[in-house]
2 protein chains.
Amino acid sequence: MRTNHQRRNFLKTGTVVGVASLFGPVLASPLPEEKALEASATAVLEIIHKRRSVRQYRSDPVPAEHITLILDAARMAPTAGNQQPWKFLVIQDRTKLNELKAACLQQGIERIKKREKLSEEAFQEREQKLIQYYEKCFSAPVYIVVLVDTECQYPDYNKHDGALAAGNLMLAARALGYGTVYYTGSIPAEITQKVLNIPERYERICITPVGIPEKWPDTPPKKDLKELVVYEQF
Amino acid sequence: MRTNHQRRNFLKTGTVVGVASLFGPVLASPLPEEKALEASATAVLEIIHKRRSVRQYRSDPVPAEHITLILDAARMAPTAGNQQPWKFLVIQDRTKLNELKAACLQQGIERIKKREKLSEEAFQEREQKLIQYYEKCFSAPVYIVVLVDTECQYPDYNKHDGALAAGNLMLAARALGYGTVYYTGSIPAEITQKVLNIPERYERICITPVGIPEKWPDTPPKKDLKELVVYEQF
């Protein structure tokens, strides 16, 4: 079924191809209804490995039904005491997205001015890079802002609930063929909140584009599992 | 392919069966390598819908290879600047798990004593319930503590990174036939840290059992998508 070499290699690189097949039959559950899930298990593990943070998109539209499926996956995330404190704000209006892009760019440029003493030439180079960065950032047809309600039942757990919903959203999008990326600082929360007129009671967790990637990026370098896992005790 | 009635019903209930088939072919990507993923898309959406928070387990062991696959999925989560601040502490030692259970129970009992004036009979009833609760809580063969390193590159994003890794972990476990549950308050962080001798630099995000459920719980009541989604503006 597998060789030790293949297995070591998989553990080291997180190589996608045949993730589960390397380990032989993946299900050991004695529950009979689980026996049918073997193909699903492989699919889920592969999609988890194939999700990438995508920072440049094609302009092809995302059908409304796909957006619905993606949001529907988000709302199935675990949530403290089943509180479901989420709001998902979906933006496709190009005018609004351009406003958001302009506001992010402006703040970025002001920061460069404040933080650094640059020659005019060096400044223009930095500015140009920032413009290109935000062009790519806003190249997708759809953006979803993941918000949590600060007036919910267990607000202390909102950060968990928000990130978990965003995680489901990104995997569902990947499964449907779309890229996403969990933007936090690059598209600042306060700018998002202001430009999109988001009521104060909602706290932003992240914003993600949804769209077909210009290309799927390579897997960034990942730590070995053995660096991350501790068995029984430190 | 689908009727409006079926579709409305799906959106209302989040019914699992045939999630994607209701929407016809799920992939619209023009990238040729994505065409093969249609079955995977359905599988991923179904597994997301089938994950449940499981609070009682069978004692059947989880093979080491499955634990590896589950942790390997966790480490593929999105992470700020690719920092990967995680440590996953895997506990299977029954003596340690019993210590953790006893410490949680003791704190629970002390809290009942402090917070409420109860008759001896009422107190014993509450105590008995708590004992049963923690028996179930600790009925799984494996526990994974999800930790983040406070001395990492971008500690401000650790809560996101931690929850996202835990989300992947829970979906991979579900795909392999195992239940999980994102425990926070029920197994307090400070007790976990102390009993399991976790160095202070690691902050606990959550702890989850991994095991075959005694039974898969029903889906708890979920909010309609229309309650959670805002298109374009509030």
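At what angle do the axes of helix α4 (residues 94–115) of chain B and helix α5 (residues 120–137) of chain B cross? I looked this up in the model, which is a predicted one. The two axes cross at roughly 155° and come within 10 Å. Since angles over 145 degrees count as roughly antiparallel, α4(B) is roughly antiparallel to α5(B). I noted the hand as well: the crossing of α4(B) and α5(B) is right-handed.

I then listed the residues that meet in this pair. From α4(B) they are B:Lys101, B:Cys104, B:Leu105, B:Gly108, B:Ile109 and B:Ile112, and from α5(B) they are B:Phe123, B:Arg126, B:Glu127, B:Leu130, B:Ile131 and B:Tyr134. By class I have 8 nonpolar, 1 polar and 3 charged residues in the contact of α4(B) with α5(B).

**Entry: the two copies**

Next I superposed the chains. A turn of 180° with a shift of 0.0 Å along the axis lays chain A on chain B, with an RMSD of 0.0 Å. The two copies are thus related as by a two-fold rotation axis. Both copies use the same surface, in that 100% of the contact residues of chain A recur in chain B.

How many residues of chain A are in contact with chain B? I find 74 in chain A, and they touch 74 residues of chain B. On the side of chain A that touches chain B, at least two residues each come from α2 (38–50), α3 (64–74), β1 (86–91), α6 (158–175), α8 (225–228) and β4 (229–231). I sorted the residues of that side by class and got 46 nonpolar, 16 polar and 12 charged.

**Entry: the sheet ending in β4(B)**

I followed the strands across the chains. What is the order of strands in the open sheet that holds β1(A)? The order is β3(A)-β2(A)-β1(A)-β4(B), 4 strands with mixed pairing. The edges are β3 (202–210) of chain A and β4 of chain B; each has a single partner strand, so one side of each is left without a neighbour in the sheet. Neighbouring strands are turned by 20° against each other on average, direction ignored.

Helix α3(A) packs on this sheet and touches β1, β2 (142–149) and β3 of chain A together with β4 of chain B. The direction of α3(A) makes about 160° with that of β1(A). I also see α6(A) lying across β1, β2 and β3 of chain A, at about 15° to β3(A).

For the join between chains, I checked β1(A) against β4 (residues 229–231) of chain B: they run parallel and are joined by 3 bridges. A:Phe88 stands opposite B:Val229, and A:Leu89 has B:Val230 as its bridge partner.

**Entry: the sheet ending in β4(A)**

I repeated the check from the other chain. Here the open sheet of 4 strands reads β4(A)-β1(B)-β2(B)-β3(B), with mixed pairing. β4 of chain A and β3 (202–210) of chain B stand at the edges with a single partner strand each, so each has one side without a neighbour in the sheet. The average turn between neighbouring strands of this sheet is 20°, direction ignored.

Between chains, β4(A) pairs with β1 (residues 86–91) of chain B in the parallel sense over 3 bridges. I picked out A:Tyr231, whose bridge partner in β1(B) is B:Val90. Helix α3 (residues 64–74) of chain B packs on this sheet, touching β4 of chain A together with β1, β2 (142–149) and β3 of chain B. Its direction makes about 160° with that of β1(B). Helix α6 (residues 158–175) of chain B lies across β1, β2 and β3 of chain B and runs at about 15° to β3(B).

**Entry: α6(A) against α2(B)**

Last, I took a helix pair that spans the chains. How far apart are the axes of α6(A) and helix α2 (residues 38–50) of chain B? They lie 8 Å apart, and the helices pack at an angle of about 160°. That is over the 145 degrees mark, so α6(A) and α2(B) are roughly antiparallel to each other. The crossing of α6(A) and α2(B) is left-handed.

In this contact A:Asn168, A:Leu171, A:Ala172 and A:Ala175 of α6(A) meet B:Ser40, B:Ala41, B:Val44, B:Leu45 and B:Ile48 of α2(B). I count 7 nonpolar and 2 polar residues there, and no charged ones.

Methods. Residues are numbered from 1 along each chain as its sequence is written. Chains are lettered from A and ligands numbered from 1 in the order in which they are written. This is a predicted model: local features need pLDDT of at least 70, side-chain atom pairs count only at pLDDT 80 or more; totals for chains, interfaces and linings use all residues. Copies are superposed by least squares on the C-alpha atoms of residues with pLDDT of at least 70 in both. Two residues are in contact if their C-beta atoms, placed from the backbone, lie within 7 Å. Ala, Val, Leu, Ile, Met, Phe, Trp, Tyr, Cys and Pro count as nonpolar, Asp, Glu, Lys and Arg as charged, and the others, Gly among them, as polar. Two strands pair if DSSP finds at least two bridges between them. Axes are lines fitted to C-alpha atoms, for helices over the stretch in contact, and angles run from 0 to 180 degrees between N-to-C directions. Angles under 35 degrees count as roughly parallel, over 145 as roughly antiparallel, 65 to 115 as roughly perpendicular and the rest as oblique. A crossing is left-handed if the near helix is turned anticlockwise from the far one by less than a right angle, and right-handed if clockwise.
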